[in-house]
Amino acid sequence: MRPLLLLLCLVARASAAPPEPSIDVVAAPPIETAPAGGLDPDVVARLDAVDQAIGTSPLDALVDRVLVLYESDDPFSRAQREAARPRSVELLGRIGERARTAGDLVTAARAFDARRTISGGGRDPQLAQVLTAWAERDAKASPGRALYLARRARAADPGDSRAADLDDDLGKNHRVWPGRLAIVAGFVALAVGIYARSRVSAIEEDLAMHARPGDQVESALAERDRYDAIGTGLIIAAPVISFGGVLLMWSGKPSYSPTSPAELPALGGR
Amino acid sequence: MRYALLLLVTACAGKPLEDLEIACTADSECPHDAWCDLRYHNDVCLSLAHSAPPHIAFDGFVLGQQIVKTIWVPPKTTTIHTLRLRNDGGSQTDVIVKLDGPACLDAFSLTRGDGELLDEGDTLDADFDVDPAVGCASPAMITITATASDRVFSFPAMISISP
């Protein structure tokens with residue numbers, strides 16, 4: 001009974017309290033998440049500037065300017081990417097061509113790589129060729145990087161035989177077959193050695209069984225000595241050859257793994 | 001690695017000739033640096049580097065303290081004499097001595113029929129008896145045959161018969 005009375009008192013008090021004052025605030029205009037015309041004038045101006053600067057400005061800086069839109073992660077920039085794609089792809093293609101002609105493989109690779117990423121990652125023979133040329137150039141000095149470039153080139157154009165060959169060449173253990181052959185040769189040597197030793201025993205048994213003229217005995221002994229030397233030599237050499245083959249295979253394993261250069265991928269975050 | 005080298009050295013050194021036990025019936029059936037051991041009829045080639053076959057030489061007849069080439073014997077009387085053989089070969093042997101001559105001389109070896117032991121470098125004084133018949137030609141030629149380890153050595157000798 002007592003809790004019920006207490007509850008009634010609380011309800012009566014609440015209904016008797018005066019109403020709170022309301023405050024009206026003037027709202028700020030909503031933040032735009034996309035330009036009205038699809039592309040912001042600043043972006044258009046930047047792409048125009050790049051277009052005009054091709055041939056006069058450093059090409060790597062131009063690549064950076066084209067990619068500003070794609071490296072910015074704000075909603076406003078993201079909203080413009082689709083509209084800016086055709087122009088960006090065209091500009092990156094031109095920058096890449098010019099860099100390639102000038103022998104600047106790194107900038108050309110960056111430009112083509114970014115173009116491929118922006119355009120959806122399809123087949124890009126130009127990118128594959130540039131990456132392959134770069135990989136070939138650096139294969140000796142930096143095989144891990146060359147392997148990465150070759151594989152990226154192969155991904156860009158699976159039909160590029162140069163890229164495929166380079167990928168296979170750099171990623172493969174070239175001593176597998178020589179090593180295997182050495183292992184097999186070791187077993188063959190062992191078999192031949194055992195056969196030669198069996199011939200030694202056979203000759204010795206024959207000499208002990210039958211007397212014969214001295215010249216025939218001399219001849220048989222010389223033959224026995226030959227088989228003895230060959231057999232013993234091969235039996236000793238067999239494990240050395242086989243073990244050498246294992247070592248050869250082991251030593252042929254590439255000691256490097258694909259390593260991306262600092263310049264690639266041109267658009268890693270996208 | 002050490003065992004492999006040891007095996008290689010052992011193989012290069014080759015198996016000793018004695019261990020091969022090459023069968024033979026004469027020296028000519030052995031390698032040039034070996035001889036045929038026939039003593040116990042095991043008939044195997046042995047290396048000359050370790051031993052050599054026995055070789056029997058006839059020194060002469062023993063007469064007192066002297067060695068002479070010929071002796072005088074009385075007719076119709078059995079007398080015992082001694083001849084000396086020498087093993088100047090390279091191994092011990094058993095020597096079987098036989099005397100062959102005219103029947104009228106009646107000469108026989110008195111040595112053991114299965115052979116007398118004769119060490120290498122040593123000498124054997126072999127007794128024999130002789131009983132010449134009357135009319136036996138003098139001097140009589142005899143052949144001393146010493147068989148050592150199946151090797152036969154023959155020596156001609158002369159015995160004079162006293163008138």
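Contact here means heavy atoms within 4.5 Å. I jot that down before anything else, as my notes on neighbours rest on it. I also remind myself that this is a predicted model.

**Entry 1: the surroundings of α5(A)**

I began by asking what covers the buried residues of α5(A). The cover includes four helices of chain A: α3 (59-71), α4 (75-101), α6 (125-138) and α7 (143-156).

Next I looked up how many of the residues of α5(A) are buried, taking under 20% relative accessible area as the cut-off. I found 12 of the 14 residues buried, so the rest of the structure largely encloses this helix. I wrote down the names from the N-terminal part: A:Leu105, A:Thr107, A:Ala108, A:Ala109, A:Arg110 and A:Ala111 are among them. The list also includes A:Phe112, A:Asp113, A:Ala114, A:Arg115, A:Arg116 and A:Ile118. I was pleased to see arginines and an aspartate in that list, next to alanines, a leucine and a phenylalanine.

**Entry 2: the length of α5(A)**

I then checked the span of helix α5 (residues 105-118) of chain A. With 14 residues at 1.5 Å a residue, I should get 20 Å, and the end C-alpha atoms are indeed 20 Å apart, so the two agree. Just after α5(A) I came upon A:Gly120, which takes a positive phi of about 110 degrees.

**Entry 3: chain A as a whole**

I stepped back to the full chain. Chain A has 10 helices and 0 strands. Of its 270 residues, 34% count as buried. I also looked at contacts in chain A between residues at least 6 apart in sequence, and 71% of these join residues at least 24 apart.

**Entry 4: where chain B meets chain A**

My last stop was the interface. How many residues does each chain bring to the contact? I noted 17 from chain B and 16 from chain A. The area buried between the two chains is about 1,300 Å², with 66% of it given by carbon and sulfur atoms. B:Leu20, B:Ala23 and B:Glu29 supply 33% of the area that chain B buries against chain A, more than any other three residues.

I looked for salt bridges between chain B and chain A, and the count is 0. For polar contact, the rule finds 3 residue pairs across the interface.

On the side of chain B that touches chain A, α1 (2-13) and α2 (17-20) each supply at least two residues. The largest share, 4 residues, comes from α1(B). I sorted the residues of this side by type and got 11 nonpolar, 3 polar and 3 charged.

How values were computed: Residues are numbered from 1 along each chain as its sequence is written. Chains are lettered from A and ligands numbered from 1 in the order in which they are written. This is a predicted model: local features need pLDDT of at least 70, side-chain atom pairs count only at pLDDT 80 or more; totals for chains, interfaces and linings use all residues. Side-chain values use heavy atoms; hydrogens and water are left out. The expected span of a helix is 1.5 Å times one less than its number of residues. Buried means under 20% relative accessible area, exposed over 50%, partly exposed in between (1.4 Å probe, protein chains only). Buried area is the accessible area (1.4 Å probe) that two parts lose on being put together, summed over both. A salt bridge is a side-chain nitrogen of Lys or Arg within 4 Å of a carboxyl oxygen of Asp or Glu. A polar contact is a pair of N or O atoms within 3.5 Å; within protein, one must be able to donate a hydrogen and the other to accept it, and residues adjacent in sequence count only if both atoms are side-chain atoms. Ala, Val, Leu, Ile, Met, Phe, Trp, Tyr, Cys and Pro count as nonpolar, Asp, Glu, Lys and Arg as charged, and the others, Gly among them, as polar.
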